[in-house]
Amino acid sequence: MATGPADHRKPPQRSPPPRRLDTAALAIPLTESTSSTTVTDPNAIDVVVAGAGPTGSTLAADLLRRGLRVRVVDKAPHAFEGSRAKGIQPRTQEVLEDLGVLHEARAEGGPYPPAGLHLGPVTAPWKMQQRNRPTPDVPYPNILLLPQHRTDAILHRLLDRLGLGIEYGVALDGFEQDADGVTSTLSTGEQVRSRYLVGADGGSSAVRQAAGLGFPGETDDSDKTLIIDCTVDGLSRDKWHMWPRTSVGACPLPHSGQFQVMIRLKPGDTPNLDHDALTARFKALTGLGLRDITWTSTFRPNVRLVEHYRAGRVFLAGDAAHVHTPAGAQGLNTGVQDAYNLGWKLGQAIAGAPDGLLDTYETERLPIAARVLGKSSQLYQSLSDRRAGGLKRGDEERQLGLTYHGGPLAPADASTTRTLHVGDRAPDAPCAAHGTRRLFDIYRGPHFTLLAFGSEAAGVLPSLTWPTQGAELRRYAVRSGRGIDGDRITDDTGQLAGIYGVDGDALVLVRPDGYVGAIITADWASAFTAAVRAFTP
């Protein structure tokens with residue numbers, strides 16, 4: 001019986017990566033063509049993305065809506081087929097909403113069920129996480145259960161609507177870069193010239209290896225877990241079933257008859273992914289029948305963090321930059337946040353913003369990845385020790401409280417409001433404007449947003465200078481005063497000003513990735529110019 005997992009195919013053989021050049025431009029004729037190599041027009045591509053998983057697809061979608069020219073290549077012969085990373089955290093749901101696909105994710109996903117601990121003949125209920133009610137500032141407070149292959153499919157449909165096809169079966173064999181761009185060599189023999197290259201190609205990233213970036217950390221080869229997408233006979237679908245004594249779990253996957261089954265092996269056990277062997281092992285451990293297997297994998301806990309997110313014009317994102325244990329559903333979500341942070345910065349840099357803006361990708365995201373790595377490792381160790389705390393999930397896993405405050409784009413001494421620092425997530429809030437009732441509707445899209453609280457701040461909106469290149473700035477007066485072209489937000493409930501902690505006059509600039517970029521309370525024009533200098537052409 002075929003096992004069929006995408007991650008068990010033998011990777012294509014790669015030729016040694018070309019020597020990387022640090023300076024002198026590559027002398028590649030634009031029309032050069034041979035029987036084995038074609039060189040693309042160097043002006044045709046802005047960004048090549050290696051990897052079509054959630055991270056690479058999110059990045060590609062964000063770049064496309066900025067009008068950039070993108071190619072996505074993936075060494076796999078087809079889209080990923082398994083459930084693997086199945087938890088979509090609240091902050092990632094906000095990203096999906098910004099991209100216009102959250103309604104699809106919520107339709108195809110569902111809430112996480114409560115745990116049911118099988119202790120002999122008794123199944124004890126266990127509440128893994130608090131179910132939170134939506135609030136005006138946090139519309140999606142709970143994790144969404146969505147198998148990874150559905151997340152991929154949703155993002156791939158978005159790319160298709162944006163006019164981009166993923167090039168499957170195409171590996172990146174190496175690259176060379178210079179002061180003006182990157183020349184990537186593909187397994188097809190084609191050489192692609194682009195302004196930038198992004199490796200979102202997983203933990204064994206070919207881009208990271210070709211860039212020569214270290215990936216320190218550890219892999220525990222003695223700790224293995226079998227993951228199986230299948231049907232389980234006689235098992236209710238209202239619980240995430242766990243057998244603590246045998247280290248087995250079965251999570252029902254929404255809108256299907258399948259479970260994601262996890263079997264943690266004992267040290268020294270040899271993984272056997274033969275379907276009959278898996279069925280027999282599960283029967284021996286739980287007494288239940290297992291059938292209709294559609295995907296299998298062997299997981300080993302990796303805890304690694306790349307030394308640098310950037311090497312010249314080459315960037316890493318997602319698992320190519322950091323790998324985690326599965327505990328706490330952090331890996332996929334952190335990768336999507338990487339892409340969301342990088343996309344607008346690449347767009348601005350291509351439009352002429354200072355190159356230093358791209359350096360902030362590493363300085364903002366690497367500390368976040370390090371923190372998430374520590375949290376997921378802590379949870380995984382608790383599970384290994386069979387401590388109840390390993391099953392608990394709280395606010396930190398939701399990723400709503402992650403902040404860039406104190407980083408290069410959010411100085412620690414920047415102005416604040418009663419509730420917000422520069423670098424914090426910009427919360428949602430009820431409001432009335434052009435038929436919408438939410439701030440998130442106003443933020444949706446690849447633009448910057450400037451909110452003016454109070455009549456004095458609103459009065460300066462028309463005079464503030466913003467370049468015509470790059471992302472546009474949308475300006476809104478809040479509560480009173482006049483806006484640009486009649487743009488005005490009515491805080492008809494008073495909650496907007498309260499959530500944003502503004503009592504008097506203030507300008508609040510929101511970055512395209514939904515974080516506060518500036519808070520200005522005086523010297524409007526000069527302070528605004530100084531605040532946006534790092535963002536704009």
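**Helix packing and a few single residues in a predicted model**

Let me begin with one residue, D233, which is partly exposed, since its relative accessible area is 33%. You will find D233 in the loop between β13, residues 225-232, and β14, residues 240-243. Although D233 and L290 are 57 residues apart in sequence, their C-alpha atoms are 6.3 Å apart in space. If we set aside the neighbours within four places in sequence, D233 is in contact with L288, G289 and R291.

I should say at this point that what we are looking at is a predicted model. Taken as a whole, the protein has 13 helices and 28 strands, and of its 537 residues, 56% count as buried. How many of the contacts between residues at least 6 apart in sequence join residues at least 24 apart? The share in this protein is 72%, and the pair I opened with, D233 and L290, is separated by 57 residues along the chain.

From there I would like to turn to the helices, starting with α1, which runs over residues 54-64. This helix is mostly covered, with 11 of its 11 residues buried. The cover over those buried residues includes the strands β1 (45-50), β2 (70-74) and β11 (191-199), together with the helices α2, α4 and α7.

One of those partners, α4, covers residues 148-161, and its length can be checked against expectation, because 14 residues at 1.5 Å a residue should span 20 Å, and the end C-alpha atoms of α4 are indeed 20 Å apart. The buried residues of α4 include R150, I154 and L158, and, as a general point, residues three or four places apart in an α-helix point the same way, because there are 3.6 residues to a turn. What do the buried residues of α4 pack against? They pack against α1, α2, α3 (102-108) and α7 among the helices, and against the strands β3 (87-88) and β8 (167-168). Just after α4 comes G163, which takes a positive phi of about 90 degrees.

Now let us put these two helices together. The axes of α1 and α4 are 9 Å apart and make an angle of about 20 degrees, and because an angle under 35 degrees counts as roughly parallel, α1 and α4 are roughly parallel to each other. The crossing of α1 past α4 is left-handed. On the α1 side the contact is made by P54, S57, T58, A60, A61 and L64, while α4 contributes Q148, T151, D152, L155, H156, L158 and L159. Sorted by class, the residues of this contact are 7 nonpolar, 5 polar and 1 charged.

The next helix to consider is α7, residues 331-351, whose 21 residues reach 31 Å from the first C-alpha to the last, close to the 30 Å expected. Is α7 mostly covered or mostly open? It is mostly covered, as 20 of its 21 residues are buried. After α7 comes G352, with a positive phi near 120 degrees.

Helix α2, residues 90-98, packs on α7 at an angle of about 45 degrees, with the two axes 9 Å apart, and α2 and α7 are therefore oblique to each other. Here too the crossing is left-handed. In this contact R91, T92, V95 and D98 of α2 meet N333, V336, Q337 and Y340 of α7, and by class the contact has 3 nonpolar, 3 polar and 2 charged residues.

To finish, I will return to single residues. V478 lies in strand β25, residues 473-478, and it is buried, because its relative accessible area is 0%. Beyond its neighbours within four places in sequence, V478 is in contact with L451, A452, F453, G454, I489, D491 and L496. V478 and C431, which are 47 residues apart in sequence, are 9.2 Å apart in space from C-alpha to C-alpha.

Two further residues have a positive phi without being glycine. S247, in the loop between β14 and β15 (248-252), has a phi of about 55 degrees, and with 28% relative accessibility it counts as partly exposed. D292, placed in strand β17, residues 290-299, has a phi near 50 degrees, and its relative accessible area of 44% makes D292 partly exposed.

Key
Residues are numbered from 1 along each chain as its sequence is written. This is a predicted model: local features need pLDDT of at least 70, side-chain atom pairs count only at pLDDT 80 or more; totals for chains, interfaces and linings use all residues. Side-chain values use heavy atoms; hydrogens and water are left out. Helices (H or I, at least four residues) and strands (E, at least two) are DSSP runs, numbered from the N terminus. The expected span of a helix is 1.5 Å times one less than its number of residues. Buried means under 20% relative accessible area, exposed over 50%, partly exposed in between (1.4 Å probe, protein chains only). Axes are lines fitted to C-alpha atoms, for helices over the stretch in contact, and angles run from 0 to 180 degrees between N-to-C directions. Angles under 35 degrees count as roughly parallel, over 145 as roughly antiparallel, 65 to 115 as roughly perpendicular and the rest as oblique. A crossing is left-handed if the near helix is turned anticlockwise from the far one by less than a right angle, and right-handed if clockwise. Contact means heavy atoms within 4.5 Å. Ala, Val, Leu, Ile, Met, Phe, Trp, Tyr, Cys and Pro count as nonpolar, Asp, Glu, Lys and Arg as charged, and the others, Gly among them, as polar.
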